[in-house]
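Trainee: Got a minute to go through this fold with me? I'd like to start with how the helices pack.

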Amino acid sequence: AAMESIFVYGEWLREAFEAGDVPQPLADPEHTLVLAQAHRQAVPIAGPDATDLLPEIGIAQVREAMRRLLPGLVEGLDGDARNVVLTLARMWWTAGTGAFLSKDEAAEKAAVAFGGRTGEVLRAARRAYLGLAGDAELGSPALLREVAGHLSREIEARL
């Protein structure tokens with residue numbers, strides 16, 4: 001089925017929507033990832049299956065979207081370290097497997113794979129994401145930059 005438009009909503013957009021901002025059409029590689037994950041995993045509340053409504057997005061397109069998103073994501077580290085680190089863990093997993101995991105699941109897989117300081121930061125980010133700890137446990141800005149750089153290089157190697 002042809003799709004004329006999609007509506008993307010996430011908590012990061014709440015303030016803008018509540019202020020009356022109307023979303024405008026745009027090309028965003030993040031939409032590629034949202035559609036790819038929805039095609040694979042969405043469960044309809046009513047109506048047809050997601051695979052009947054959404055285009056199939058291949059792993060090459062998914063990897064290209066991640067390649068385009070990676071630099072801006074790492075630049076956002078200072079403003080939202082927990083979510084950046086968790087998203088990097090998701091990207092690492094998806095780049096290597098083609099499968100999508102939740103942030104907490106991906107963080108645990110990456111923590112096991114890398115261990116050391118990267119694993120410690122990933123586990124702290126996971127605990128904070130699950131509400132079991134605060135973001136202060138993530139570590140110093142220098143440590144967070146080191147871990148984000150490590151994860152970024154690991155992702156690039158898989159792309």
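**Helix packing and the core**

Mentor: Sure, and keep in mind that this is a predicted model. Take helices H4 and H8: their axes come within 10 Å and cross at roughly 165°.

Trainee: So how do H4 and H8 run, roughly parallel or roughly antiparallel?

Mentor: Roughly antiparallel, because the crossing angle is over 145 degrees. H4 passes H8 in a left-handed crossing.

Trainee: Which residues make that contact?

Mentor: From H4 you have Arg-63, Leu-70 and Val-74, and from H8 Ser-152, Ile-155, Glu-156 and Arg-158. By type, the residues where H4 meets H8 are three nonpolar, one polar and three charged.

Trainee: OK, switching pairs. At what angle do H5 and H6 cross?

Mentor: Roughly 75°, with the axes of H5 (residues 81–97) and H6 (residues 103–114) coming within 8 Å. H5 and H6 are therefore roughly perpendicular to each other.

Trainee: And who touches whom there, H5 to H6?

Mentor: On the H5 side it's Asn-83, Leu-86, Thr-87, Ala-89, Arg-90, Trp-92 and Trp-93. H6 brings Lys-103, Ala-106, Ala-107, Lys-109, Ala-110, Ala-113 and Phe-114. The contact of H5 with H6 splits into nine nonpolar, two polar and three charged residues.

Trainee: Let's talk about the core. How many residues are in the largest nonpolar one?

Mentor: The largest nonpolar core has 39 residues. Val-62, Leu-77, Val-85, Leu-88, Leu-122 and Leu-144 have the most contacts inside it. At least two residues of this core come from each of H2 (29–41), H4 (59–75), H5, H6, H7 (116–129) and H8 (141–158).

Trainee: Which helix gives the most to this core?

Mentor: That's H5, with ten residues. As a general point, nonpolar side chains tend to be buried together in soluble globular proteins.

Trainee: You mentioned Leu-122. Is Leu-122 buried or exposed?

Mentor: Buried, because its relative accessible area is 0% and the cut-off for buried is under 20%. Leu-122 lies in helix H7.

Trainee: What does Leu-122 touch, not counting residues up to four places away in sequence?

Mentor: Val-85, Ala-89, Ala-107, Ala-110, Ala-111 and Leu-151. Take Ala-89: Leu-122 and Ala-89 are 33 residues apart in sequence, yet 7.9 Å apart in space, C-alpha to C-alpha.

Trainee: Last one: what is Leu-144 in contact with, leaving aside neighbours within four places in sequence?

Mentor: Leu-144 is in contact with Leu-77, Ala-81, Val-85, Val-121, Leu-138 and Gly-139. Val-85 appears in the contact list of Leu-122 and in that of Leu-144.

Technical notes:
Residues are numbered from 1 along each chain as its sequence is written. This is a predicted model: local features need pLDDT of at least 70, side-chain atom pairs count only at pLDDT 80 or more; totals for chains, interfaces and linings use all residues. Side-chain values use heavy atoms; hydrogens and water are left out. Axes are lines fitted to C-alpha atoms, for helices over the stretch in contact, and angles run from 0 to 180 degrees between N-to-C directions. Helices (H or I, at least four residues) and strands (E, at least two) are DSSP runs, numbered from the N terminus. Angles under 35 degrees count as roughly parallel, over 145 as roughly antiparallel, 65 to 115 as roughly perpendicular and the rest as oblique. Contact means heavy atoms within 4.5 Å. Ala, Val, Leu, Ile, Met, Phe, Trp, Tyr, Cys and Pro count as nonpolar, Asp, Glu, Lys and Arg as charged, and the others, Gly among them, as polar. A nonpolar core is a set of buried Ala, Val, Leu, Ile, Met, Phe, Trp, Tyr and Cys residues joined through side-chain atoms within 4.5 Å. Buried means under 20% relative accessible area, exposed over 50%, partly exposed in between (1.4 Å probe, protein chains only). A crossing is left-handed if the near helix is turned anticlockwise from the far one by less than a right angle, and right-handed if clockwise.
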